[in-house]
Amino acid sequence: MNPHARNLPYLWLMTTWKEFSISAPVIAEVFTRRHAATKNLCMLATLRADGFPRISPIEPRFFEDELWLVGMPNTTKFHDLGRDPRFCLHTATVETEPNEGDAKLWGRVRDVQDKEVHARFAEAMFEETGFDLRGQEFEHLYAADLIGASSLVTGDDSLDITIWRPGEPERLVHR
């Protein structure tokens, strides 16, 4: 057993984006809204080979009811994910008081090696952005399976923190 898994009894309850967005609608809405507001930019935390964390910019994509961590091949963040699939994804925040909210998702990636999925992804990417990956080989195509998430939204002298884990409803902490 993975030594980290014994402290995470909910680890086996990983969920796809579609399942997450149904069971955690508040956090999913904050993440989706902030993701769009930053033109898809998020910050990805991975684990380096020496065990220290690495933070990298990434533009995750929604495709076929899943959240995908994609980007330029042969980058250190994808080497990290290939070695250790755990990640944390944070919506890019540009203000000290995120009045529009921010969200964090964490989980593990799944390397999808289905060439038909790669072709559909490339076609969808081209239709959405004009960026043409059609006909190219994908070394990795990482789908994100979630094991936890949180969001926060500030208001007039208040802070709402929403927390979620698979198999549990969202929990609101109001401060």
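# Helices, strands and a pocket in a predicted model

Helix H2, covering residues 25-37, has 13 residues and spans 18 Å from its first C-alpha to its last, close to the 18 Å expected at 1.5 Å a residue. The structure described here is a predicted model.

## Helix H2

The buried residues of H2 include Ile27, Ala28, Val30, Phe31, Arg34 and His35. They lie on the same side of H2, because the arc they cover around the axis is only 165 degrees. Ala36 and Ala37, on the other side of H2, are exposed. Just after the helix comes Lys39, which takes a positive phi of about 55 degrees.

## Helix H3

Helix H3 consists of residues 76-83. Which of its residues are buried? Lys77, Phe78, Asp80 and Leu81 are buried in H3. These residues cover an arc of only 150 degrees around the axis, so they sit on the same side of H3. The cover over the buried residues of H3 includes strands E1 (42-47), E2, E4 (66-69), E5 (86-91), E6 (102-111) and E7.

The loop between H3 and E5 holds Asp84. Asp84 counts as buried, at 16% relative accessibility. Between the C-alpha atoms of Asp84 and Gly51 there are 9.8 Å in space, while the two residues are 33 residues apart in sequence.

## Helix H4

H4 is made of 15 residues and reaches 21 Å from first C-alpha to last, close to the 21 Å expected at 1.5 Å a residue. Its buried residues are Val117, His118, Phe121, Ala122 and Met125. Seen down the axis of H4, these fall within an arc of 135 degrees, so they line one face of the helix. On the other side of H4, Glu116 and Glu127 are exposed. Strands E3 and E4 are among the elements that cover the buried residues of H4.

## Residues in strands E7 and E8

Strand E7 runs over residues 142-155 and contains Leu146. Leu146 is buried, and its relative accessible area is 0%. From the C-alpha atom of Leu146 to that of Glu95, 51 residues apart along the chain, the separation is 26 Å.

Ser150 also has its place in strand E7. With a relative accessible area of 12%, Ser150 is buried. Apart from neighbours within four places in sequence, Ser150 is in contact with Ile27, Asp102, Ala103, Lys104, Trp106, Thr162 and Ile163. Of these contacts, Ile27 is one of the buried residues of H2.

Thr162 is found in strand E8, residues 158-164. Is Thr162 buried or exposed? Thr162 counts as buried, at 6% relative accessibility. Not counting residues up to four places away in sequence, Thr162 touches Val26, Ile27, Ala149, Ser150, Ser151, Glu170, Arg171 and Leu172. Ile27 and Ser150 therefore meet Thr162 as well as each other, given that contact means heavy atoms within 4.5 Å.

## Positive phi in two loops

Most residues other than glycine have a negative phi. Glu64 has a positive phi although it is not a glycine, and Asn74 likewise has a positive phi without being a glycine. The table sets out their values.

| Residue | Phi | Place | Relative accessibility |
|---|---|---|---|
| Glu64 | about 50 degrees | loop between E3 (61-63) and E4 | 41%, partly exposed |
| Asn74 | about 60 degrees | loop between E4 and H3 | 54%, exposed |

Asn74 counts as exposed because its relative accessibility of 54% is over the 50% cut-off. Glu64, at 41%, counts as partly exposed.

## The largest pocket

How much space lies in the largest pocket? The largest pocket holds about 640 Å³ of space. Its lining is formed by 27 residues, and those nearest its centre are Val70, Gly71, Met72, Pro73 and Leu133. By type, the lining residues divide into 15 nonpolar, seven polar and five charged.

Three elements each supply at least two residues of this lining: strand E2 (53-58), helix H3 (76-83) and helix H4 (115-129). Two of these elements have been described above: H3, with its buried residues on the same side, and H4, with its buried residues along one face.

Terms used
Residues are numbered from 1 along each chain as its sequence is written. This is a predicted model: local features need pLDDT of at least 70, side-chain atom pairs count only at pLDDT 80 or more; totals for chains, interfaces and linings use all residues. Side-chain values use heavy atoms; hydrogens and water are left out. Helices (H or I, at least four residues) and strands (E, at least two) are DSSP runs, numbered from the N terminus. The expected span of a helix is 1.5 Å times one less than its number of residues. Buried means under 20% relative accessible area, exposed over 50%, partly exposed in between (1.4 Å probe, protein chains only). The arc is that of the directions from the helix axis to the C-beta atoms. On a 1 Å grid over the protein atoms alone, a cavity is a set of points where a 1.4 Å probe fits but cannot get out, and a pocket is an open set with protein on both sides within 12 Å along at least five of seven lines; lining residues have an atom within 4 Å of a point. Grid points are joined across faces, edges and corners, and a volume is the space filled by probe spheres set on the points. Ala, Val, Leu, Ile, Met, Phe, Trp, Tyr, Cys and Pro count as nonpolar, Asp, Glu, Lys and Arg as charged, and the others, Gly among them, as polar.
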